[in-house]
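Student: Could you walk me through this one? I'd like to go from the overall fold down to a few side chains.

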Amino acid sequence: MGFSEHFPALIVVVLFFTAFISPLLYRWARKLAAPAVIAALLAALAMVVVLLIQVQQFGIYYYHMGGWPPPWGIEFKADPLRLYILVVLISVSLWIFIYALRDLGHELKTRVIGWYYTLYSVLVGSMAGIALTNDLFNLFVLMEICAISACAIISIKEDRECLEASFKYLILSAMGTGCFLLGVVMLYMVTGYLNYSFLYQALVEAFDFYPLNIFTAAALFIVAFGTKAALFPLHVWLPDAHASAPSPSSAMLSGLVIKIYAFALFLMFYEVFPRVVLEAVPLSEIVLWLAALGAMFGSIYAMIQTDLKKMLAYSSIAQIAYIFMGIGLHHSLALVGGFYHIMVHAVTKAMLFMVAGVIIYSTGVRRIDQLTGIGKVLPVTMVAFTIGSASMVGIPGTGGLISKWYLALSALEIGRPIFVLVILASSLLNAIYYMPIVINAFMHQDEFKKEVKPVPGIMQLSMVVGMVFIIIFGFFSKPVVTLLEQAAALFF
Amino acid sequence: MEDQITRITSRLVVPFIQVYGIYIILHGHLSPGGSFSGGAIFGASLVLVALSFNLEAGSKQIPHNAASVLESGGALGYLITGLVAIALGGYYLSNKAAGFPMGEAGSLFSAGAIFIITLFVGIKVASTIATLFYYIIEGEK
């Protein structure tokens, strides 16, 4: 494979490298700092694409850090599913970063922007690591890095609300990591392995002797990843954190960070715990019902919000529930739906937070009831909002329909139509809180009263890119769905 | 606050603390301790100077620019050591396999890449502790 055999490690390394070099660049060569981050993200994206092509040709590829073979060494795994997650992760974060170039200057003090670049690169790098790693302890370390940098990109705004929200997030997410570490200890105690593949083998045997340890570990994992991914009733930190953060951070947190933890839970369920464990206690069932409740309650909470960003944050709780539903339904079509939703929701929610950011940038309005008539003064922005809302509701022609379609299909396949009803009801609830904003923005007779600053070109362009992709996801879903079907087939 | 007794005591003690910190960093691959503990001890000596004299005297010991260069440099050094292993034909962070000189087991210059990495992490930790302390002090103003 030549040089490309090192790509799994280099993807993470190049991002961490940029993270540590950008404070220096920001101090002495300020013009180069942002291009360096963009270059690193582009390089990482290129490596992921090359790996994806190679994995499709030659099969799954393992990378051993330092040449130490597992179970002792740290192993990175490149399989189609992980690389798919990485493509979404890195391309969306590149897109958000380009948007952030203008927005950050408006929301942050100049002296901390260099630090923001550092935190941003560390965050993306740690998430890439979480997706790639095949080792529980390595996962733990990367989760810590991810949690700290995610808190820091909220608190960097330094106002009271942000500090409070990020402190709450820090405490709850530390509890999540604590639960995870305890679970890892339980598994290590009974098997002596930390590597996913070795654990999978060893747990089959260990399950006969130490079922309680393994159940405890599974329960702790659900709590840990549930807290971090804002699975309903563990979502309490999310609305404040995502609503008060600077808009690019909100886009990042709502669009990507919570999903990477949902993906980590998926890996635990499908790559670490063998079938016997999942059949002995209804773990998938628990996740499934929590997701169903989350899909309803997230939307209901969103309906009563008066702040635009808070509404979007609550909507994320409802949307992440679809991804958990995809994991919990335990069917290949459900996985396709869930994973398609990771991509669709990452783009859609990131774009909606960009829209919120643009509205705040150019008018200073955050309250939903003050948005009447705004469609006439910010047409591109509100068209973007409309398309984003349509995708959230799942209107044909947008990406949101495809994921809901596959989820509903799989619910029917396994003979549980009640979840089709949940999906339908939740979509209707989505429509109830998204559509009035659209209607008021365009069709209300009142004029928009506030002063309007012109929107910078790069922000407009970012939103246009988002719209285009949401529509592409709606009409040309075939290549991605085929990729996901192949990837899901490995688990069934 | 400036006090004659603390000032003279710390002036006496600081060199010993720093030597001890460096000793622990350099012996990271041989004895208990290592880069983190050693770096923390070294960083603590800088904090001690700042506390017993005043912030200006402490800042002179390790100015902000130098601190951030050392901080970034320590982490970058770690990453570059890993990359050098790839360049030498091993995997990322390979040690003996990539051909780092191993030396004689038990002697100071041994363990190849681990020795180098320990050094970088020690620098990183020491400068981070000093920087954190200065940021907290400045935040209070």
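What follows is a set of short questions and answers on the fold, the salt bridges, one serine and the interface.

Tutor: Ground rules before you start: this is a predicted model, where local features need pLDDT of at least 70, side-chain atom pairs count only at pLDDT 80 or more, and totals for chains, interfaces and linings use all residues. Residues are numbered from 1 along each chain as its sequence is written, chains are lettered from A and ligands numbered from 1 in the order in which they are written, and side-chain values use heavy atoms, with hydrogens and water left out.

Student: How many helices and strands does chain A have?
Tutor: Helices here are DSSP runs of H or I with at least four residues, strands are runs of E with at least two, and both are numbered from the N terminus. On that basis chain A comes to 20 helices and two strands.

Student: What radius of gyration does chain A have?
Tutor: The radius is taken over C-alpha atoms, and the globule rule is 2.2 Å times the number of residues to the power 0.38. For 492 residues a compact globule would come out near 23 Å, and chain A agrees with that. The C-alpha trace spans about 70 × 60 × 45 Å along its principal axes. The radius of gyration of chain A is 22 Å.

Student: What share of the residues of chain A count as buried?
Tutor: Buried means under 20% relative accessible area, exposed means over 50%, and partly exposed is in between (1.4 Å probe, protein chains only). Of the 492 residues of chain A, the buried share is 64%.

Student: Among contacts in chain A between residues at least 6 apart in sequence, what share join residues at least 24 apart?
Tutor: A contact means heavy atoms within 4.5 Å. Counting those pairs in chain A that are at least 6 apart, the share joining residues at least 24 apart is 82%.

Student: Which residue forms a salt bridge with A:Glu271?
Tutor: The rule asks for a side-chain nitrogen of Lys or Arg within 4 Å of a carboxyl oxygen of Asp or Glu, and it gives twelve salt bridges over all chains. In this one the closest N and O atoms are 3.1 Å apart. A:Glu271 sits in helix α10 (residues 247-272) and its partner in strand β2 (residues 75-78), so the pair ties together parts of chain A that are 194 residues apart in sequence. The partner is A:Lys77.

Student: Are A:Glu271 and A:Lys77 buried or exposed?
Tutor: A:Glu271 has a relative accessible area of 7%, and A:Lys77 has 9%. A:Lys77 and A:Glu271 also belong to a network of salt bridges with A:Asp79 and A:Arg82. By the accessibility values, A:Glu271 is buried and A:Lys77 is buried.

Student: How far apart are the closest N and O atoms of A:Glu285 and A:Arg416?
Tutor: The two form a salt bridge. A:Glu285 is in helix α12 (residues 283-303) and A:Arg416 in the loop between α17 (399-413) and α18 (418-443), so the pair connects parts of chain A that are 131 residues apart in sequence. A:Glu285 is partly exposed at 27%, as is A:Arg416 at 23%. The N and O atoms are 2.5 Å apart.

Student: With which side chain does the side chain of A:Ser254 make a polar contact?
Tutor: A:Ser254 is in helix α10 of chain A and is buried, at 0% relative accessible area. Leaving aside neighbours within four places in sequence, A:Ser254 is in contact with six residues, among them A:His242, A:His345 and A:Phe353. A polar contact is a pair of N or O atoms within 3.5 Å; within protein, one must be able to donate a hydrogen and the other to accept it, and residues adjacent in sequence count only if both atoms are side-chain atoms. At 2.7 Å, the partner is A:Ser316.Student: How much area do chain B and chain A bury between them?
Tutor: Buried area is the accessible area (1.4 Å probe) that two parts lose on being put together, summed over both. Here 18 residues of chain B are in contact with 20 residues of chain A, and 73% of the buried area is on carbon and sulfur atoms. In chain B, B:Leu76, B:Tyr91 and B:Tyr92 lose the most area to chain A, together 32% of what that side buries. The total is about 1600 Å².

Student: How many residue pairs are in polar contact between chain B and chain A?
Tutor: The rule finds zero salt bridges across this interface. For polar contacts, both residues must be at pLDDT 80 or more, and the count is four.
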